[in-house]
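Q: I have a structure open and have not looked at it before. Can you walk me through it?
A: Yes, go ahead and put it up.

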2 protein chains.
Amino acid sequence: MLTVFGDIRSGNCLKVKWLLDRLGRDHQWVETDIMSGASRTPEFLAINPAGQTPTVVLEDGRPLAQSNAILLYFAEGTPFIPTDAYARARMMEWLFWEQYSHEPYVAVARFQRLYLGKSAEEIEPRLMERGRAALERLEDALAGRDWLVGDAPTVADLALVAYTRAAHEGGFDLTPLPNLRAWIQRVEAAFAIG
Amino acid sequence: MLTVFGDIRSGNCLKVKWLLDRLGRDHQWVETDIMSGASRTPEFLAINPAGQTPTVVLEDGRPLAQSNAILLYFAEGTPFIPTDAYARARMMEWLFWEQYSHEPYVAVARFQRLYLGKSAEEIEPRLMERGRAALERLEDALAGRDWLVGDAPTVADLALVAYTRAAHEGGFDLTPLPNLRAWIQRVEAAFAIG
């Protein structure tokens with residue numbers, strides 16, 4: 001059976017779970033607690049030498065890592081990946097932007113608060129600034145549109161909603177970002193995120 | 001004509017130039033100096049609201065950003081993207097890993113030395129540690145193989161060689177990494193990187 005090694009509190013891991021559930025793909029979830037070193041054991045490193053979650057092991061035993069690469073693999077051929085070459089490219093642009101300019105700030109601030117127990121004052125101001133800039137960029141990009149790319153939800157929406165919907169846990173205030181708040185609800189509905 | 005806005009010292013920008021040159025795609029290069037704010041002008045932000053280089057403007061005027069998304073767009077249908085679904089997924093895995101676990105350390109250390117003029121002692125030790133870990137992971141992944149994915153060069157090799165070949169400028173020593181050094185030469189030859 002398809003196996004997902006993931007931490008159920010991690011947006012990167014939840015992305016994968018949400019897509020598989022939405023596509024009706026049976027899978028086994030192996031809870032992998034990064035805080036207790038479960039992603040650094042010799043057994044885990046044999047599957048993914050990068051020691052990162054999520055990592056999936058396909059039915060034939062082959063591994064695959066990197067949340068957005070996993071989304072692309074399973075969503076190929078579904079309506080969640082556009083067929084038009086330019087629309088696909090824009091979706092890719094958002095996926096790379098998510099991992100480079102959004103996750104390292106929005107998710108990391110949340111990680112420091114939630115996992116490491118830091119107070120608001122202990123979070124590096126640069127982290128909050130860049131996180132806010134990423135959220136504001138999303139707010140602007142969503143002005144007058146329902147989805148990040150084209151007229152339907154794609155894996156770009158799924159990838160970006162994961163930590164955006166949890167941004168308040170990192171101390172980010174979404175109140176002044178109405179496009180973003182409405183989009184979160186749309187994406188949650190489209191992917192049946194509880 | 002296809003236009004590339006980029007900084008010629010930036011590995012992320014050079015990736016795009018190398019691929020376009022290799023594919024014989026005519027393009028205009030607009031040198032965009034991020035240090036003098038050229039990627040933060042209202043004109044540039046109208047093209048790419050993220051204010052990041054490289055950004056390309058296609059022949060029909062539509063913009064596209066994020067170096068690896070740009071590589072995927074132009075390389076689609078060429079031998080540099082595998083057709084097998086799993087091989088494609090592994091290529092994607094390396095592309096996302098590059099932007100998340102390699103570039104933010106290997107490229108950023110180089111940026112601080114080269115662009116900001118910091119000395120070796122002024123570079124945050126964590127940056128060097130994580131950069132070394134990324135380079136060692138590549139060294140291990142290349143044991144007994146010529147290319148990162150399958151039996152031929154892909155855009156994953158191109159994306160990862162960009163800052164790896166310049167890692168010494170960030171203070172990283174590639175001497176103890178023979179697989180990596182041999183692979184750099186292979187990738188440079190495959191993509192005619194001078």
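A: To start with how the chains are compared: copies are superposed by least squares on the C-alpha atoms of residues with pLDDT of at least 70 in both. The model is a predicted one.

Q: What rotation superposes chain B on chain A?
A: A rotation of 180°, with 0.0 Å of shift along its axis, and the RMSD is 0.0 Å. That is how a two-fold axis relates two copies.

Q: Which C-alpha of chain B is nearest the axis?
A: That of Tyr100(B), at 3.1 Å from the axis.

Q: Now the contact between the chains. How many residues does it take from each?
A: Chain B gives 24 residues and chain A gives 24 residues.

Q: Which elements of chain B supply at least two residues each?
A: On the side that touches chain A, these are β4 (63-65), α3 (67-75), α4 (85-114) and α5 (125-141) of chain B. The most comes from α4(B), with 10 residues.

Q: What classes of residue are on that side of chain B?
A: There are 15 nonpolar, 4 polar and 5 charged residues on the side touching chain A.

Q: Why say the copies meet through the same surface?
A: Because 100% of the interface residues of chain B are interface residues in chain A as well.

Q: Next topic, the core. How many residues are in the largest nonpolar core?
A: It has 101 residues. Those with the most contacts inside this core are Leu71, Val106 and Ala156, in chain A and in chain B. The largest share comes from α4(B), with 13 residues.

Q: What does Val106(B) touch?
A: Not counting residues up to four places away in sequence, Val106(B) touches Gly131(B), Ala134(B), Leu135(B), Tyr163(B), Thr164(B), Ala167(B), Gly170(B) and Phe172(B).

Q: And the helix packing: at what angle do α3(B) and α6 of chain B cross?
A: At roughly 145°, with the axes of α3(B) and α6 (residues 155-164) coming within 10 Å. The crossing of these two helices, α3(B) and α6(B), is right-handed.

Q: Which residues make the contact?
A: From α3(B) they are Asn68(B), Leu71(B), Leu72(B) and Ala75(B), and from α6(B) they are Val155(B), Leu158(B) and Ala159(B). By class, that contact has 6 nonpolar residues, 1 polar and no charged ones.

Q: Switching to the backbone. Where are the cis peptide bonds you would point out?
A: One joins Thr53(A) and Pro54(A), with omega about -5°. Another joins Thr53(B) and Pro54(B), with omega about 0°. Pro54(A) lies in the loop between α2 and β3 of chain A, and Pro54(B) in the loop between α2 (42-47) and β3 (55-57) of chain B.

Q: What about Gly51(A), where does that lie?
A: In the loop between α2 (42-47) and β3 (55-57) of chain A. Gly51(A) and Ser39(A) are 12 residues apart in sequence, and their C-alpha atoms are 5.2 Å apart.

Q: Which residues have a positive phi without being glycine?
A: Among them are Gln66(A), with phi about 70°, and Ala192(B), with phi near 55°. Gln66(A) is in the loop between β4 (63-65) and α3 (67-75) of chain A, while Ala192(B) is in the segment after α7 (178-190) of chain B.

Q: Is Gln66(A) buried or exposed?
A: Gln66(A) is buried, because 28 C-beta neighbours lie inside 10 Å and the cut-off for buried is 20 or more.

Q: And Ala192(B), buried or exposed?
A: Ala192(B) is exposed, with 9 other C-beta atoms within 10 Å.

Definitions and conventions: Residues are numbered from 1 along each chain as its sequence is written. Chains are lettered from A and ligands numbered from 1 in the order in which they are written. This is a predicted model: local features need pLDDT of at least 70, side-chain atom pairs count only at pLDDT 80 or more; totals for chains, interfaces and linings use all residues. Two residues are in contact if their C-beta atoms, placed from the backbone, lie within 7 Å. Helices (H or I, at least four residues) and strands (E, at least two) are DSSP runs, numbered from the N terminus. Ala, Val, Leu, Ile, Met, Phe, Trp, Tyr, Cys and Pro count as nonpolar, Asp, Glu, Lys and Arg as charged, and the others, Gly among them, as polar. A nonpolar core is a set of buried Ala, Val, Leu, Ile, Met, Phe, Trp, Tyr and Cys residues joined through C-beta atoms within 7 Å. A residue is buried if 20 or more other C-beta atoms lie within 10 Å of its own, exposed if 12 or fewer, and partly exposed in between; C-beta atoms are placed from the backbone. Axes are lines fitted to C-alpha atoms, for helices over the stretch in contact, and angles run from 0 to 180 degrees between N-to-C directions. A crossing is left-handed if the near helix is turned anticlockwise from the far one by less than a right angle, and right-handed if clockwise.
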